[in-house]
Amino acid sequence: MIQPKVKLISGLLYPDEKFLNWSIEKLKNLWGEPEIISKPVPFNKTNYYDYISPNLTRIFLSFPDLRDPADLVDWKKSAIELEAESRQPIRAVNIDPGYLDGARIILASTKDHAHRIYLHDGIFAEVTMRYRFKKWQSFDYTFPDFASGVYDEFLSEVRRSWLKESKPDA
């Protein structure tokens, strides 16, 4: 069986432009120049990350080339290391890597839950949304900001990129 390839994406929660620029530079060094960057969106559907800052913004980035989905654990572990580098004294950013293909968005997590599958090294995978009937669809456990549709434009653009790169002659 041929191993499917995916587009690496990452969500980024940040408190200000300084940490946005710092994070993008660090991610560039890890995964390459971002191909697509979403519009910034205020992160206000939950207060889960208020300990970082009560005023956070989220963007998403996609990275070049198709990649092996088996690398998800490594991507998450690298993100955790970058989050630790941002500490002053607590981490200033939250980095959520995952991947996208034609049918789904998978995000990595360090937190277990009924809808997450354990991979290894303390990392779980979650099917966060699916693409069906020409639109992104959430599940009952999908994070509220994803379920709101605010990221659908970015996700669809990355999906089109995945479709183009997945063609045998691409």
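## Lysine 28 and its partners

Lysine 28 is partly exposed, with a relative accessible area of 25%. This value, like every other here, comes from a predicted model. Side chains of opposite charge can pair when their charged atoms come close. The side chain of lysine 28 does so with that of glutamate 25, in a salt bridge of 3.5 Å from N to O. Glutamate 25 is partly exposed as well, at 41% relative accessibility.

The two residues belong to helix 1, which covers residues 17–31. They sit three residues apart there, so about one helical turn separates them. Lysine 28 also forms a salt bridge with glutamate 33. In that pair the closest N and O atoms are 3.7 Å apart.

## Arginine 104 and aspartate 101

Another salt bridge joins the side chains of arginine 104 and aspartate 101. The N to O distance is 2.6 Å. How accessible is each partner, arginine 104 and aspartate 101? Arginine 104 is partly exposed, with a relative accessible area of 33%. Aspartate 101 has 10% relative accessibility. Buried means under 20%, so aspartate 101 counts as buried.

## A network and the total

Some salt bridges are linked into a network. Which residues take part in it? They are Arg58, Lys76, Asp96 and Asp145.

The structure as a whole holds 13 salt bridges. Among them are the bridge between lysine 28 and glutamate 25, the one between lysine 28 and glutamate 33, and the one between arginine 104 and aspartate 101.

Notes: Residues are numbered from 1 along each chain as its sequence is written. This is a predicted model: local features need pLDDT of at least 70, side-chain atom pairs count only at pLDDT 80 or more; totals for chains, interfaces and linings use all residues. Side-chain values use heavy atoms; hydrogens and water are left out. A salt bridge is a side-chain nitrogen of Lys or Arg within 4 Å of a carboxyl oxygen of Asp or Glu. Helices (H or I, at least four residues) and strands (E, at least two) are DSSP runs, numbered from the N terminus. Buried means under 20% relative accessible area, exposed over 50%, partly exposed in between (1.4 Å probe, protein chains only).
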